[in-house]
Amino acid sequence: MKSILVPYDFSEEANNAFELAQEIATKAACSLKLIHILEIPTSQNFNTMGEVTMGENFLDKTYMVDLTDKRKEQFKKLEEEHAGKPYQFSTNLTFGNPYVGIAGEIAEVKADLVIMGSKGSSGLEELLIGSNTEKVVRHSDCPVITVKEKISADAIKKIVFASDFSDNSKKVIKKLKYLQELLGAQIRLVKINTPNSFEKTIVSMKNIKDFIKENKLENAEIDIFNGDSEEEGINEFAEFVNADMIAMATHGRTGFLHLLGGSIAEDVVNSSKKPVWTMKFK
C-alpha cells in the first residue's frame, strides 16, 4: 500500500474515517491525502420562454469566498499538525461535484485505499439518489472502507468476509489479506444461506476450505450462517461473533442493472454500524 485517500467534509463521520486512516497509514508507512470538495451554489430562474437561466447571487459569492478561506486555513493547520508524522501527508481543496471530484482524485493519486465516512441512507432517498459513499463503493477500482462510528485500527482484530467464494471473490482477497496481516486480525469466512439461496453445508465447507488453501490464508475460520436475507444475515453474523469489520466484494453494477439487482454490499454499507471494507471485482 502506497497511498490512502480520505474524502473529508469536516463531519463527525469523516473525522472518524480520518483518524482510522492515520493509524493505518502509520502501520503501512504510506502517503495519506485529504480531499475536500466545495459545491458551488447557483441561482436558477425561469425566463419568459420557460428556459432555465443561471443568476448571480452576491450573497452566494460572498459565502463561498468566506467558506473557501476558512477551509484553506483549516487545511493549512492540518498540514502543520501532520508535519513529521511517519507518513507523507497532503491535502487538496477543490470545487465541483463531490463524487466526480473524489473519483478524479482516486485516479490522480493512484489510491490503494479509500477511507471515508458515511451516514447511510435508506428507503426512497437511497433508491432515488444514493450517497456519494455508495457511488464511490460502486465505481472505485481500489478497496473502500466506510466508517460511521469511531474505531481504532488496533481494535480491528476480527474481520468477517461474507462471500459465495466463487472466482469473483478470488479477485479481491489479495487486498483484504494484506489488510488482515497489516492489522494482525483474524478473518472469519462466512457463507450466508437464505431461503432463496441455499447451499448444503458440505458443499460450502469444501468451497471455503479450497478458498483458504488456494489463497494461502492464515488465522482464518470457516462459518456458515442462516438469514432471511443476505444483508440481514451478514449484519446478524457480524454481531453474533462480535466482529470489528465486515468485508465484501461488490459487482459494481450501474444504471438499469443496478436498479434491478441492487447491491448487497451497498445495502450493508448503509445499514451496518461497523466499518465495511468493499472492493469491486472486474
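# A guided tour of the predicted model

The accessible surface of the chain comes to about 15000 Å², and 51% of that surface belongs to carbon and sulfur atoms. Please keep in mind throughout that this is a predicted model. With the whole chain shown as a cartoon, you should find 11 helices and 12 strands, and of the 282 residues, 46% count as buried. Among contacts between residues at least 6 apart in sequence, 77% join residues at least 24 apart.

**Stop one: helix H1**

Begin by selecting helix H1, which covers residues 12-28, and pick out Gln-22 within this helix. Gln-22 counts as buried, because its relative accessibility is 19% and the buried class holds residues under 20%. If you display its surroundings and set aside residues up to four places away in sequence, you will see that Gln-22 touches Leu-32, His-82 and Tyr-87.

Next, select Lys-27 together with Asp-154, which form a salt bridge whose closest N and O atoms are 2.7 Å apart. The two residues link distant parts of the chain, since Lys-27 belongs to helix H1 while Asp-154 sits in the loop between strand E7 (144-147) and strand E8 (158-162), 127 residues apart. Lys-27 is partly exposed, with a relative accessibility of 36%.

**Stop two: further salt bridges**

The salt bridge you have just seen belongs to a structure that holds 11 salt bridges. For another, select Arg-138 and Glu-266, whose side chains meet at 2.8 Å, N to O. Arg-138 is part of helix H5 (residues 132-139) and Glu-266 is part of helix H11 (residues 264-271), so this pair ties together parts that are 128 residues apart in sequence. Buried or exposed, what are Arg-138 and Glu-266? Both residues are buried.

Move on to Asp-141 and Lys-280, where the salt bridge has its closest N and O atoms 3.1 Å apart. Because Asp-141 lies in the loop between H5 and E7 and Lys-280 lies in strand E12 (residues 276-280), the pair ties together parts that are 139 residues apart in sequence. The two partners can be coloured by accessibility: Asp-141 is partly exposed, with a relative accessible area of 46%, whereas Lys-280 is buried, at 18%. Then select Asp-167, Lys-170 and Glu-214, which are joined into one network by salt bridges that share partners.

**Stop three: the loop at Ser-118**

Select Ser-118, which you will find in the loop between strand E6 (113-117) and helix H4 (123-128). At a relative accessibility of 3%, Ser-118 counts as buried. What does Ser-118 touch, once residues up to four places away in sequence are left out of the count? The residues to display around Ser-118 are Glu-13, Thr-133, Thr-146, Val-147, Lys-148 and Val-269.

**Stop four: strand E5**

Turn to Thr-94, whose place is in strand E5 (residues 89-95), and which is partly exposed with a relative accessible area of 24%. Not counting residues up to four places away in sequence, Thr-94 touches Ile-35, His-36, Ile-37 and Leu-38. If you draw a distance from the C-alpha of Thr-94 to the C-alpha of Glu-39, it should read 8.8 Å, although the two residues are 55 residues apart in sequence.

**Stop five: Pro-195**

Now select Pro-195, in the loop between strand E9 (186-193) and helix H8 (201-214). Pro-195 counts as exposed, at 65% relative accessibility. Leaving aside neighbours within four places in sequence, Pro-195 is nevertheless in contact with Gly-227 and Asp-228. From C-alpha to C-alpha, Pro-195 and Asp-228 are 6.6 Å apart in space, with their positions 33 residues apart in sequence.

**Stop six: a charged patch**

Finally, switch to a surface view and select Asp-66, Asp-69, Glu-73, Glu-79, Glu-80 and Glu-81, which gather in a patch of negative charge on the surface. One of these residues, Glu-73, is found in helix H2 (residues 58-81). Why does Glu-73 count as exposed? Its relative accessible area is 51%, and the exposed class holds residues over 50%.

Terms used. Residues numbered from 1 in each chain as written. Predicted model: local features only at pLDDT ≥ 70, side-chain atom pairs only at ≥ 80, totals over all residues. Heavy atoms only, no water. Patch = residues over 30% accessible without salt bridge, like charges linked within 9 Å, V, L, I, M, F, W, Y side chains within 5 Å. Areas by Shrake-Rupley, 256 points an atom, 1.4 Å probe, with all protein chains shown as cover. Salt bridge = Lys/Arg side-chain N within 4 Å of Asp/Glu carboxyl O. Lys, Arg positive; Asp, Glu negative; His and termini not counted. Charge placed at Lys NZ, Arg CZ, Asp CG, Glu CD. Helix = DSSP H or I, 4+ residues; strand = E, 2+ residues; numbered from the N terminus. Buried < 20%, exposed > 50% of the residue type's maximum accessible area, 1.4 Å probe, protein only. Contact = heavy atoms within 4.5 Å.
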